[in-house]
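Visitor: I should like a close look at a single part, explained in one connected account. Please state the cut-offs of each term as you come to it.

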Amino acid sequence: MLEAAGRNRNALAATPGEGWALHRMTPASRLNGANGIRTGADGRIYVAQVAGSKVSAVDVDTGLIETISPNGGGIVGPDDLAFDEAGNLYCTEITEGRVSMMTPGGEYRVIHGDMPVANPITYHQGRLIAGELRLGGRIMELDRDGGAPRVIYEGVPMANAFEVGPDGKLYFPAQGANEIWRIGLDGGEPEVVAKDLGVPDSVKFHPDGYIVSTQVYSGQVLKIDPRTGAKSVLADIGPGLDNVAFVNGRTFVSHINGSITEIVEAGRTKPLVEKGLQWPLGLAVDEAGHVLVADGGFSYLLRPGEALQLAGMLFSPGFPGWIRDVACSGPDEWIVTTANGDVARWRPASGESAVLASGYARLMGVAVGPNGHAVFAEFDTGKVFAIEGGAGGNVVELASGLDRPMGVAVAGDGTVFVAESGAGRVVKLVGGRRETVLDGLARPEGIAIAGGTLFVADPGANAVIASDLAGGARETVASGLPIGGAAGAQMAQLGGVGDMCGPMNTFNGIAAAPDGTIYLSADAEGSVLALRRL
């Protein structure tokens, strides 16, 4: 499938309702995230995309993108990839804890199914080697016929993208130690190659023999002498870098935001694939009209007339974790739900966060009421809670028995509204009872209230619906939207990543700005959309 049929649409193939205008506020992503990259025998760069749960190939001269293994195919949440001499594609599936293979004919099978936080993989002279991105992780040689693996080393502080060097040793980032190590393929004790880095997450060898290593925290790409550890900066692209590939001596770097950048020479770069969002989730707007965009392990601020600005990421000081939904609670202060089951207060400017409640199962929407209490939904248990007061405040149960609750909103009078995605409706909580406000929906997720109108993001119908809370009249604000899967199918739902985060479920956020603009997270194309009344 070539990119023209995918996520890179230049014009929105959506229809706004009568009296509404639809605008794209951020560019649509051409790649749904870009993690491991590897040069194929055809000279294209093959890209593993965890968020998109697919593998794509990029022509480095034209930028044309082709889907190799689609979302919903036999490879789930791929993080890194490698080829053997027969053209078989091997992928580590980080959320599934396994390694799978895709043949040139499109057949899939699992090679090894017991590799928690499976991440790096490489193929060298008939040997398939993979590792785990966790403290105390293993590096193993895998039997491609499904036999028992051989442990090369156990005890790595988070191994990431690696490669066998010219000396026949395996060079890898020991991410938790902020170092690069090497080890013989038959085992032994590892040696430190380089230290005091910017949190390395890849080690690849340039054809000229030196190491090129991306730094996920600092955003630098380093050139490192494997003999002495001496290093210099090739490029400073920005936090979130992931991997490196070479095509005919040209150097390309992937970023988790879906971009691929060519380093033309030291200090000079040019884009091959422009950046975007992986899978925008929750949205919230402050009194100044600034939009906070949750993108899983990254969060961004969107100010009118400006490009997205990074507000924080998993390696930033005080970042609360993999964020699913957000609500504004004051100037530069946000309440968030995370994939780790926490509700937290986050202040990006000062790099501070505080957990308000923890230990919950698959948290979804969050909202802040006029009394300052945070309300949040727990998907797995069908419950909705409120936190009375700040950190350490009393948590009270507002409702139970809901059918897969997702979005929550609080009206000006304190009434709580909940989207029941499983029941296809929105209810309000009144005196311990549930009253249906809007039904006949497909799979409602994010909800927002503005000016007495309830707005619902319904990815099951690829639409946004509005309902007058006073009279009950409803209208379709926009249809055919790039939210959810085609024809309302649900996007791939991914598991967690070890201790780093729990299940990485999608969530279509919607938020209302003071000027009446309705913002929507368009996960099917990796953008933020705006709906405005004419």
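Guide: A charge is said to sit over a ring if NZ of Lys or CZ of Arg is within 6 Å of the ring centre and within 35 degrees of the ring normal. Lys-223 meets this description, lying over the face of Tyr-210 at 4.5 Å from the ring centre.

The model is a predicted one, in which local features need pLDDT of at least 70 and side-chain atom pairs count only at pLDDT 80 or more, whereas totals for chains, interfaces and linings use all residues. Residues are numbered from 1 along each chain as its sequence is written, and side-chain values use heavy atoms, with hydrogens and water left out.

The part to examine closely is strand S8, residues 89-93. Strands (E, at least two residues) and helices (H or I, at least four) are DSSP runs numbered from the N terminus. Five of the five residues of S8 are buried, so the strand is largely enclosed by the rest of the structure; buried means under 20% relative accessible area, exposed over 50%, and partly exposed in between, with a 1.4 Å probe and protein chains only. The burial extends to both faces: Leu-89, Cys-91 and Glu-93 lie on one side, and Tyr-90 and Thr-92 on the other.

S8 has strand partners in S7 and S9, where pairing requires that DSSP find at least two bridges between two strands. With S7 (residues 78-83), S8 runs antiparallel and shares five bridges; Pro-78 has Glu-93 as its bridge partner. Five residues separate S7 from S8 in their hairpin, and Gly-87 in the turn has a positive phi of about 90 degrees. Five bridges also join S8 to S9 (residues 98-102), again antiparallel, and here Cys-91 stands opposite Ser-100. The hairpin of S8 and S9 has four residues between the strands, with Gly-97 at a positive phi near 65 degrees.

For wider context, the whole structure contains ten aromatic pairs. Rings of Phe, Tyr and Trp (its six-membered ring) pair if their centres lie within 6.5 Å; planes under 30 degrees apart count as stacked, over 60 as edge-to-face and the rest as tilted. One of the pairs, Tyr-171 with Phe-205, is edge-to-face, at 4.9 Å centre to centre and 80 degrees between the planes. This pair links distant parts of the chain, 34 residues apart: Tyr-171 belongs to strand S16 (residues 169-174) and Phe-205 to strand S19 (residues 204-205).
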